[in-house]
Amino acid sequence: IKLQPREPQLLALLGEALTALGLIDEARAALTKAMKLRPNDPALLYDLAMTYRREGRFDEAHRYLDKALALRPDDPMIVSAKSAWHYIAGDVETAYATLAPLLDRRQRHISLVLGFARFCHRLKREEEGIALLRECLAQNDLPQNQRAEALFFLGDLHDRLGRYSEAFAAYAEANRLAATRFSPEAFSRSVDDLIQLTWTAPRFKELPRSRVKTPDLERAVFILGMPRSGTSLVEQILASHPQVHGAGELDDIPRLVHEWQGAMSGAMPLMTDLEPLTQEAVEREAGGYLDRIKRLAPGAKRITNKMPLNCLHVGLISLLFPPAGEGAKIIHCVRDPMDTCLSCFFQNFGGHLPFAYDLSHLGLFYRDYQRIMRHWREVLEIPMLDVVYEDLVTEQEAVSRRMVEFIGLDWNEACLRFHENKRVVLTMSNDQVRRPMYNASIGRWRKYEKHLSPLNEALRGM
């Protein structure tokens, strides 16, 4: 770009790379510059739409997506993205109607098949989804990431039909293809450092705390825990309250840790170098976060951030939003470790959770996550409420009332009708949170018990 500053294709590639790193503002700037040079390029419009969608700015996202679709109505990627939007918004029939004309053609693009596989169970057409996925998987030139995604969907459909051996075989192959590098030993050593060297009780007392004084401070609610532990369900219940805005998985805290620890994208750094924690820095970042979430919903009294792995950074959160008076609140979601880890193994995280592609790694990571959470409770004072998934499912009203009271609001009956909430949920639980409370996921691991000895072994000794 230094050599060719007005080459739109280079700017577009930069935008894609920045999007992959989660640097959405910078990505949008590069893509906008490219689009000024090539205003009617459907690929650029599509990429811009995806940056807005990543931030939950759906009106802008679909304005650009519709422009792209008008220019190229038969583009499989654009059509699939539009279909996915309808599905995520809860409109399965329109999602299928958007895909169907292209899906019925002889040459089926993989993105159309993956789009159909995502929601064919809602149409009771699982067998058709399985057949289409197998047809795509038979192609020798299918890129590895798309092969993995197809196998994850194939596992889902077999699981829904009760074919657990076929499902596990598909999931295992999907994870083998999608796996990224992760060292449980190295991560565990970092946890040792966090507990024994950096975030000790005496050291914590000496660290600077934000002195930002604003009524906006009590807006911040963090919902965290292991992925697949019920964070989406908890947020959906709270976001059904008229005074709560569910912001989804905001990446502000992990992005800040990456920046301060000098970590490469894809790594999972812990905040073990505390040198960046100056008084000026913590106040700048605290104020910036509060300003950003306020812009998302200026009228909301509480705004939730359900990034699960903020559980690794509770120490930092407690410095940015100290618990003096009405400050930030933390809801910690807890679920049976076997069910939690197996559910992670069955999800396609796109490489973002490197521990999730191996059952042994999952079990070892879970043990370290528990060590970290025990440590935070011992050394921190920030208010924290444990919400046990199994209790929430079996005692919905009692636990929901406890959650609403914890964040300082009066009870509202809409929280019991969370499945009627039309808000867009971008996480993998978007389908589940649109259904009334159910308990079918409790003890799900028993259906796969014969395959789970590596997980059992890794969890032993908790």
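**Exercise 1.** Is tyrosine 64 buried or exposed?

*Solution.* One thing to keep in mind throughout: this is a predicted model.
- Start with the cut-off: buried means under 20% relative accessible area.
- Tyrosine 64 comes in at 14% relative accessibility, so the residue counts as buried.

**Exercise 2.** Work out how the rings of tyrosine 52 and tyrosine 64 are arranged, and where the two residues sit.

*Solution.*
- Two numbers do the job here: a pair of aromatic rings is described by the distance of the centres and the angle of the planes.
- The structure has 21 aromatic pairs.
- For tyrosine 52 and tyrosine 64, the centres are 5.6 Å apart and the planes are at 5°, so the pair is stacked.
- Now place them: tyrosine 52 belongs to helix α3 (residues 42-54) and tyrosine 64 to helix α4 (residues 58-71), so this pair, twelve residues apart, links distant parts of the chain.
- Tyrosine 52 is buried too, at 10% relative accessible area.

**Exercise 3.** Classify the ring pair formed by tyrosine 366 and tyrosine 369, then place it along the chain.

*Solution.*
- Planes over 60 degrees apart count as edge-to-face.
- With 70° between the planes and 5.2 Å centre to centre, tyrosine 366 and tyrosine 369 are an edge-to-face pair.
- Both belong to helix α18 (residues 359-379), and because they are three residues apart, about one helical turn separates them.
- Check the burial: tyrosine 366 and tyrosine 369 are both buried.

**Exercise 4.** Find a cluster of linked rings, and then look for arginines that sit over a ring.

*Solution.*
- Follow the ring pairs and you get a cluster of Tyr164, Phe168, Tyr171, Phe345, Phe346 and Tyr448.
- For the charges, try arginine 209: its charged end is over the ring of phenylalanine 204, 4.4 Å from the ring centre.
- Arginine 335 does the job for tyrosine 389, lying over its face at 4.9 Å from the ring centre.

**Exercise 5.** How many disulfides are there, and what do cysteine 136 and cysteine 341 look like up close?

*Solution.*
- The sulfur atoms of a disulfide must be within 2.5 Å.
- The count is zero disulfides.
- Cysteine 136 has its nearest cysteine sulfur, from cysteine 120, 12 Å away.
- For cysteine 341, the closest cysteine sulfur belongs to cysteine 344 at 6.2 Å, which is too far for a bond.
- As for accessibility, cysteine 136 is buried at 1% relative accessible area, and cysteine 341 is buried at 0%.

**Exercise 6.** Take three salt bridges, made by arginine 38, arginine 444 and arginine 460, and describe each one.

*Solution.*
- The idea behind the search: side chains of opposite charge can pair when their charged atoms come close.
- The whole structure has 22 salt bridges.
- Arginine 38 pairs with aspartate 41, with the closest N and O atoms 3.2 Å apart. Arginine 38 is partly exposed at 32%, whereas aspartate 41 is buried at 13%.
- Arginine 444 meets aspartate 159 at 2.9 Å, N to O. Arginine 444 is in the loop between α20 (396-406) and α21 (453-459) and aspartate 159 is in helix α9 (residues 144-160), so the bridge ties together parts 285 residues apart in sequence. Both arginine 444 and aspartate 159 are buried.
- Arginine 460 bridges to glutamate 457, the closest N and O atoms being 2.8 Å apart. Here arginine 460 is exposed at 54%, while glutamate 457 is partly exposed at 49%.
- To finish, look for shared partners: Asp192, Asp368 and Arg371 are joined into one network.

Key:
Residues numbered from 1 in each chain as written. Predicted model: local features only at pLDDT ≥ 70, side-chain atom pairs only at ≥ 80, totals over all residues. Heavy atoms only, no water. Phe/Tyr/Trp six-rings, centres within 6.5 Å; stacked < 30°, edge-to-face > 60°. Helix = DSSP H or I, 4+ residues; strand = E, 2+ residues; numbered from the N terminus. Buried < 20%, exposed > 50% of the residue type's maximum accessible area, 1.4 Å probe, protein only. Lys NZ or Arg CZ within 6 Å of the ring centre and 35° of its normal. Salt bridge = Lys/Arg side-chain N within 4 Å of Asp/Glu carboxyl O.
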